[in-house]
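Let's take a friendly walk through a protein model together. Have the structure open beside you, and turn it as you read.

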Amino acid sequence: MSTQPLFFEPVFKERIWGGEQLKSFGYELLSSQTGECWAFAAHSNGQSVVKNGEFKGSSLGELWEKQRELFGNIEGDRFPLLTKILDAAQDLSVQVHPDDEYGLKHEGDLGKTECWYIIDCEDGAEIIYGHTAKTREEFAAMIHEGKWDELLTKVPVKPGDFFFVPSGTVHAIGAGIVILETQQNSDTTYRVYDYDRRDNQGNLRELHVEQSIAVTTIPSIEPVSKPVVNTSGNMKITTFVESDYFTVHRWELEGSAKLDQNLSFQLVSVIEGAGSLIKGEEKYEFKKGDHFLLPFEFGEYELDGNAEMIVSHL
Ligand code: ZN
């Protein structure tokens, strides 16, 4: 058992749509097109690494393989979640993910359900969430005719908004948005539309139109979010979603609060402010941009400070 929180060093990714906003989390950026910070990642394309305590230097994937007791010995051939912070300086491509059944059958990989917490955005920023087609035939026809403005549903966003994006939802993050994304640990993405953009070599990015038509939920679902708020002393906990794949909360701390971690594990991303975590005689400082995991049987502890955190667990 570990009674230490495990702080992780994220992995950064350059993206053509990335920017420089991730600097505000205290990160050193790769370039002026840094698009993604992979905070909790155990994926072949990126592994976050522990930076403190007895597991210092181990990747999340290694811990999952060799120290499964940290996660309550739950089953699974891979760590189930992936947490990222994204800076979309430009629009991301419009995409859709299959569900597990379709993903495993056609790609040999799980599908992907994800969710977004809007950390920050420019005035007027929008996401694409869903579409207007009533039947699969209509959906296919509008894609083939390029009726994108008619087909894709735009939704205005503001900081603090939360969106659950189940597999089968056509979606895109729009320009001027910094988002924290919690998702199933998979990479199966079908690109529906890329605004006919060309890269430096003049090439269009690959689209997956037939697969997109096959896996999209039709008619579309509305982006419903019914956050439940619980305030106890100095801690306000907002629960955004409890799904088959993950539960996501926002913790708003103002002062000191006593907590108890009795789940298989919890992932905590500090998105604002700073404070300390007190466990027995030990004290761990944290600040905006830090990401720590509270392992199985972590038990009772105290948080002290002024901070906002996004917390996820199974
Ligand atoms: Zn996606």
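Before we start, here is one term to keep in mind: two strands count as a pair if DSSP finds at least two bridges between them. What you see is a predicted model, and this idea of pairing will help you find your way around it.

Let's begin with strand β19, which covers residues 266–279. How many bridges connect β19 with strand β20? The two strands pair in the antiparallel sense over six bridges, with β20 spanning residues 282–287. To see one such link, look for Ile278, whose bridge partner in β20 is Lys283. Together β19 and β20 form a hairpin, with two residues between them. In that turn sits Gly280, which has a positive phi of about 60°.

Strand β19 also pairs with strand β22 (residues 299–313). Those two run antiparallel and are joined by eleven bridges. Here Gly273 has Ala307 in β22 as its bridge partner. A further antiparallel pairing, over four bridges, connects β19 with strand β21 (residues 291–294), and there you can find Leu267 standing opposite Leu293. Strand β19 is mostly covered, since ten of its 14 residues are buried. As you follow a strand with your eye, remember that in a regular strand the side chains alternate between the two faces of the sheet.

Now step back and look at the whole chain. It contains five helices and 22 strands. Its radius of gyration is 20 Å, close to the 20 Å that the globule rule gives for 314 residues, so the chain is as compact as a globular protein of that length. Along the principal axes, the C-alpha atoms fill a box of roughly 65 × 40 × 40 Å. Of the 314 residues, 54% are buried. Many contacts also reach far along the sequence: among those between residues at least 6 apart, 72% join residues at least 24 apart.

Next, find the zinc ion. Which protein residues serve as its donors? They are Gln95 (through OE1), His97 (NE2), Glu114 (OE) and His171 (NE2), and they lie 2.1 to 2.7 Å from the ion. In sequence these residues follow the spacing Q-x1-H-x16-E-x56-H. One pair of them links distant parts of the chain: Glu114 in strand β9 (residues 114–121) and His171 in strand β13 (residues 171–172) are 57 residues apart. The angles among the four donor atoms run from 77 to 152°. A tetrahedral site would need all angles between 85 and 135 degrees, and the zinc site here is classed as irregular.

Stay with two of those donors for a moment. Are they buried or exposed? Residues count as buried when their relative accessible area is under 20%. Glu114 has a relative accessible area of 2%, so Glu114 is buried. His171 is at 2% relative accessibility, so His171 counts as buried too. The side chains of His171 and Glu114 are joined by a polar contact of 3.5 Å. Leaving aside its neighbours within four places in sequence, His171 is in contact with several residues, including Ser93, Trp116, Ile128 and Val165.

Another residue worth finding is Gln184, in strand β14 (residues 177–184). Gln184 is buried because its relative accessible area is 5%, below the 20% limit. Its side chain makes a polar contact of 3.1 Å with the side chain of Asp100. The side chain of Gln184 also reaches the backbone nitrogen of Thr113 at 2.7 Å. Beyond four places in sequence, the residues that Gln184 touches include Pro80, Leu82, Tyr245 and Phe246.

Finally, visit some loops. In the loop between α5 (209–215) and β16 (228–232) you will find Lys226, which counts as exposed because its relative accessibility is 71%. Pro219 is found in the loop between α5 and β16, and a cis peptide bond joins Ile218 to Pro219, with omega about -5°.

Asn73 lies in the loop between α1 (60–66) and β7 (81–88). Its phi is near 55°, a positive value in a residue other than glycine, and Asn73 is exposed, with a relative accessible area of 53%. Asp196, in the loop between β15 (190–193) and α5, also has a positive phi near 55°. With a relative accessible area of 59%, Asp196 is exposed.

How values were computed: Residues numbered from 1 in each chain as written. Predicted model: local features only at pLDDT ≥ 70, side-chain atom pairs only at ≥ 80, totals over all residues. Heavy atoms only, no water. Donors = N, O, S within 2.8 Å, 3.2 Å for Na, K, Ca; no water. Tetrahedral: all angles 85-135°; square planar, octahedral: opposite > 155°, others 65-115°. Buried < 20%, exposed > 50% of the residue type's maximum accessible area, 1.4 Å probe, protein only. Polar contact = N/O pair within 3.5 Å; in protein donor to acceptor, adjacent residues only side chain to side chain. Contact = heavy atoms within 4.5 Å. Rg over C-alpha atoms; globule rule 2.2 N^0.38 Å.
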